[in-house]
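Open the model in your viewer and keep the selection panel handy. We will go from the whole chain to single helix pairs.

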Amino acid sequence: MNTRFRIRSAAVDLFRDHGFNNVTTEQIAARVGVTQRTLFRHFRTKDAILFDDDSLVEFFDQVLTARMAEHPPIEAIRLALRDISASYDRNVETFRANHQVILDSEMLQAFARHRTSRIDDLLALSLDGHAAFARRAEPPSVGARIAASAVMGLVRPVTDAWLAGELDRPLVDIADTLWPVLQSILGQCDTVVPRLGPT
């Protein structure tokens, strides 16, 4: 894991200084003092250094799964958002550096949008209940997708502002401040879908 961390740290520094598209895997390997073969043993592609199998989606999935095992869906979501926020707070420099690299590359922004859509789906599945979340055999319901999108529509810009350094409070405090609004959104979404359907 130490080698993975060193590769990721060196790559983010190089990406930030020279731009994602201008940095080669050879330069990253040289900066770390490993061979390209070693780099590719840890990350299958250059973009996987930022979006690999240990990415935010998998972490969110693990955290939400653990919370869903012990709590009703809404409380599980609250606690999972707090857990993710606390992780961001502990690794603020890394997350902010990654964010800046992503903002500087259209390709990485596309990866980030795909990643956030997967997080939306996990959130929506949790809103459909424990069985749907555990089974994951069907897409989330329309109501759950609307609710998840509404929640993430508030969470994403706030997180982006925090990552850009525009908000200087710990992210976990911001999450606690936002929660009553998010809870209200989730409560309102329950009433939207019946009104959208046939009369």
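## A crossing to start with

Select helix 7 and helix 9: they cross in a right-handed sense. This is a predicted model. Helix 7 covers residues 106-127, and its axis runs 8 Å from that of helix 9. The angle between the two is about 130°. Oblique is the term for angles that are neither roughly parallel, nor roughly antiparallel, nor roughly perpendicular, and the last of these spans 65 to 115 degrees. Helix 7 and helix 9 are therefore oblique to each other.

Now show the side chains at this contact. From helix 7, pick Thr116, Ile119, Asp120, Leu123, Ala124 and Leu127. From helix 9, pick Ala144, Arg145, Ala147, Ala148, Ser149, Val151, Met152 and Arg156. Colour them by class. You should find nine nonpolar, two polar and three charged residues where helix 7 touches helix 9.

## Step back to the whole protein

Show the full chain as a cartoon. How many helices and how many strands are there in the protein? Count 10 helices and zero strands. Follow the chain along the sequence and the pattern reads α-α-α-α-α-α-α-α-α-α. The C-alpha atoms fill a box of roughly 65 × 40 × 30 Å along the principal axes.

Next, colour by accessibility. The protein has 199 residues, and 41% of them count as buried. Then look at contacts with a separation of 6 or more. Residues 24 or more positions apart make up 64% of those.

## Helix 2: two sides

Select residues 25-32, which form helix 2. Which residues of helix 2 are buried? They are Thr25, Ile28, Ala29 and Val32. Turn the view until you look down the axis of helix 2. The buried residues fall within an arc of 95°, so they line one face of the helix. Now check the other side of helix 2: Glu26 and Ala30 are exposed there.

What do the buried residues of helix 2 pack against? Add helix 1 (2-18) and helix 3 (36-42) to the selection to see these partners. Before moving on, click glycine 33, which follows helix 2. Its phi is positive, near 85°.

## Helix 4 meets helix 5

Select residues 56-68 for helix 4 and residues 73-90 for helix 5. Their axes lie 8 Å apart, at an angle of about 135°. Helix 4 and helix 5 are therefore oblique to each other. The crossing of helix 4 with helix 5 is right-handed.

Show the side chains here too. Helix 4 brings Leu56, Phe59, Phe60, Val63, Leu64, Arg67 and Met68. On the helix 5 side, the residues include Pro73, Ala76, Ile77, Leu79, Asp83 and Tyr88. By class, the contact of helix 4 with helix 5 has 14 nonpolar residues, one polar and two charged.

## Last stop: back to helix 9

Select helix 9 again, residues 142-163, together with helix 6, residues 92-103. Are helix 6 and helix 9 roughly parallel or roughly perpendicular? The angle is about 105°, and the axes are 9 Å apart. Helix 6 and helix 9 are therefore roughly perpendicular.

Zoom in on the touching residues. Helix 6 offers Val92, Phe95, Arg96 and His99. Helix 9 offers Asp160, Trp162 and Leu163. Colour by class once more: four residues in the contact of helix 6 with helix 9 are nonpolar, one is polar and two are charged.

Methods:
Residues numbered from 1 in each chain as written. Predicted model: local features only at pLDDT ≥ 70, side-chain atom pairs only at ≥ 80, totals over all residues. Heavy atoms only, no water. Axes fitted to C-alpha atoms, helices over the stretch in contact; angles between N-to-C directions. Helix = DSSP H or I, 4+ residues; strand = E, 2+ residues; numbered from the N terminus. Parallel < 35°, antiparallel > 145°, perpendicular 65-115°, else oblique. Contact = heavy atoms within 4.5 Å. Nonpolar A, V, L, I, M, F, W, Y, C, P; charged D, E, K, R; others polar. Buried < 20%, exposed > 50% of the residue type's maximum accessible area, 1.4 Å probe, protein only. Arc of directions from axis to C-beta. Left-handed = near helix turned anticlockwise from the far one by under 90°.
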